[in-house]
Amino acid sequence: MSSSPLTGQVIGRAHYATRALLERQLTRVGLTFPQSIALNGLAAEGGAAARADLVTRLTDGLKIDAPAAEALLADLVGAGLLREDADSLAFTDAGDAVRREIADATAAITGRLYGDIPAADLAVAGRVLTLVRERADAELAATSG
């Protein structure tokens, strides 16, 4: 195993390599990566959530603007994966089945990639990456506008 200092390039390469594995699975069910993030966000809310909350989750998580987040959600409604109820969105049966399939694929990928890494190492990496994300989010907030 090679060792590299932690840099944005190292983080980015790990992200894109992992994402490429996930996108293979997403392609099989006709989803994009951003759409999978939207489905995960709804799952984290228990399968139903206010549209505005999902838009906020997507703009914060994917660093996209609100119209792009709205379009992403509209695509999922149009695909029959989500249903609209007044100002909220919820999974359809088909959407929940796709979400479960993607969750299973993600768990398998995660197990293969992270399974033999010591828990203490994962905890340190998690803390460092959370701190880097928090700092980047703060800088984005300070310079937006």
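This is a short talk on helix 2, its packing against helix 3, and three residues with positive phi. The model is predicted.

I'll start with helix 2, residues 33-44. It has 12 residues, and at 1.5 Å a residue the expected span is 16 Å. The end C-alpha atoms are 16 Å apart, so the model agrees with that expectation. The buried residues here are Phe33, Gln35, Ser36, Ala38, Leu39, Gly41 and Leu42. Just after the helix, Gly46 has a positive phi of about 90°.

Next, the packing. Two packed helices are described by the angle between their axes and the distance between the axes. For helix 2 and helix 3, residues 51-62, the axes come within 10 Å and cross at roughly 130°. That angle makes helix 2 oblique to helix 3. The crossing is right-handed.

Which residues meet there? From helix 2, they are Phe33, Pro34, Ile37, Ala38, Gly41, Leu42 and Ala44. From helix 3, they are Leu54, Arg57, Leu58 and Leu62. By class, that contact has 9 nonpolar residues, 1 polar and 1 charged.

Last, backbone angles. Most residues other than glycine have a negative phi. Lys63 has a positive one, near 60°. Lys63 sits in the loop between helix 3 and helix 4, residues 66-78. Its relative accessibility is 45%, so Lys63 counts as partly exposed.

Ala86 also has a positive phi, near 55°. Its place is the loop between strand 2, residues 82-85, and strand 3, residues 88-91. Is Ala86 buried or exposed? Ala86 is exposed, because its relative accessible area is 81% and the cut-off is over 50%.

Terms used:
Residues numbered from 1 in each chain as written. Predicted model: local features only at pLDDT ≥ 70, side-chain atom pairs only at ≥ 80, totals over all residues. Heavy atoms only, no water. Helix = DSSP H or I, 4+ residues; strand = E, 2+ residues; numbered from the N terminus. Expected span 1.5 Å × (residues − 1). Buried < 20%, exposed > 50% of the residue type's maximum accessible area, 1.4 Å probe, protein only. Axes fitted to C-alpha atoms, helices over the stretch in contact; angles between N-to-C directions. Parallel < 35°, antiparallel > 145°, perpendicular 65-115°, else oblique. Left-handed = near helix turned anticlockwise from the far one by under 90°. Contact = heavy atoms within 4.5 Å. Nonpolar A, V, L, I, M, F, W, Y, C, P; charged D, E, K, R; others polar.
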